[in-house]
Amino acid sequence: MKKITIAIDGFSSTGKSTVAKQLAKALGYVYVDSGAMYRAVTLYAMQHQIISKDSFDVDRLISELDSVKVSFTCNEQLGFAEVYLNGTNVENEIRTLEVSQNVSQVAEVSKVRRMLVNQQQQMGKEKGVVMDGRDIGTVVFPDAELKFFMTASAETRAKRRYKELLERKEEVSYEAVLINVESRDLIDSTREDSPLMKADNAIEIDNSNLSLKAQFETLYDIAQKVI
Ligand code: C5P
């Protein structure tokens, strides 16, 4: 069986990472959550008072980028890689609503993107990778053999994210989550550098009414035909 690159892009909280993880596991591929990398850089900026609710010192972030090391280490128990910031596991910290509220501003910075895109390209150079994000099929791996573009209504996505945050015991309102999902989509799809968009040859999947199982089976069947 030949090894290919599978890119899964789409709007916030479309369940990309869930299906990407399942697909990677079923194919024996590596899964890379590129959003986790932007979240880790954002966490660094928050921890160092570079970004807050009403200020963002872009120049300082750029000048400190050399000291921001994002890496992945496989959690054998869970069976997938977790993200580390300068050697510390930050898998939980990066999933908070506060990080979600700052991440799209950080992801607009070209120098941040160049650093992370280089790293993503390195991680995928052997192929046999499923990577999810916003620009994987357009910028990171424009030659990927298989590209998906996931969509769902904003309300469906906010409901999913809200449930996820409650399960993590975060005190948030549904309205705040919906506002965040919509504002990230707007920033992500209108930014100058690598905006979120469907690659011409990506297969669009609207999963508003698909169960997780049906969604996985749809992607898996398509992947089997390409591999
Ligand atoms: O995938 P996730 O929702 O965790 O991504 C968090 C944010 O990181 C996105 O809203 C987007 O601003 C940024 N991102 C990006 N390019 C990627 C992956 C994520 O700009 N490839």
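This is a short tour of the ligand site and the nonpolar cores.

The model is predicted: local features need pLDDT of at least 70, side-chain atom pairs count only at pLDDT 80 or more, and totals for chains, interfaces and linings use all residues. Residues are numbered from 1 along each chain as its sequence is written, and side-chain values use heavy atoms, with hydrogens and water left out.

**Stop 1: the ligand.** Select the ligand and the 16 residues around it; each has a heavy atom within 4 Å of the ligand. Arg39, Arg113, Asp135, Asp188 and Arg191 come nearest. By class, this shell has eight charged, four polar and four nonpolar residues.

**Stop 2: polar contacts (N or O pairs within 3.5 Å).** Show the side chain of Asp135: one of its N or O atoms is 2.8 Å from a ligand nitrogen. For Ser34, the distance from a side-chain N or O atom to a ligand nitrogen is 3.0 Å. Next, pick Arg191, with a polar side-chain atom 2.8 Å from a ligand oxygen. The protein covers 97% of the 450 Å² of accessible area that the ligand has on its own (Shrake-Rupley method, 1.4 Å probe).

**Stop 3: α2.** Colour α2 (34–47), α4 (97–106) and α8 (174–190); each gives two or more residues to the shell. α2 gives the most, with four. Helices here are DSSP runs of H or I, at least four residues.

**Stop 4: Val70.** Leave the ligand and select Val70. Not counting residues up to four places away in sequence, Val70 touches Met37, Ala40, Val41, Val83, Tyr84, Leu116 and Gln119 (heavy atoms within 4.5 Å).

Terms used: A polar contact is a pair of N or O atoms within 3.5 Å; within protein, one must be able to donate a hydrogen and the other to accept it, and residues adjacent in sequence count only if both atoms are side-chain atoms. Ala, Val, Leu, Ile, Met, Phe, Trp, Tyr, Cys and Pro count as nonpolar, Asp, Glu, Lys and Arg as charged, and the others, Gly among them, as polar.
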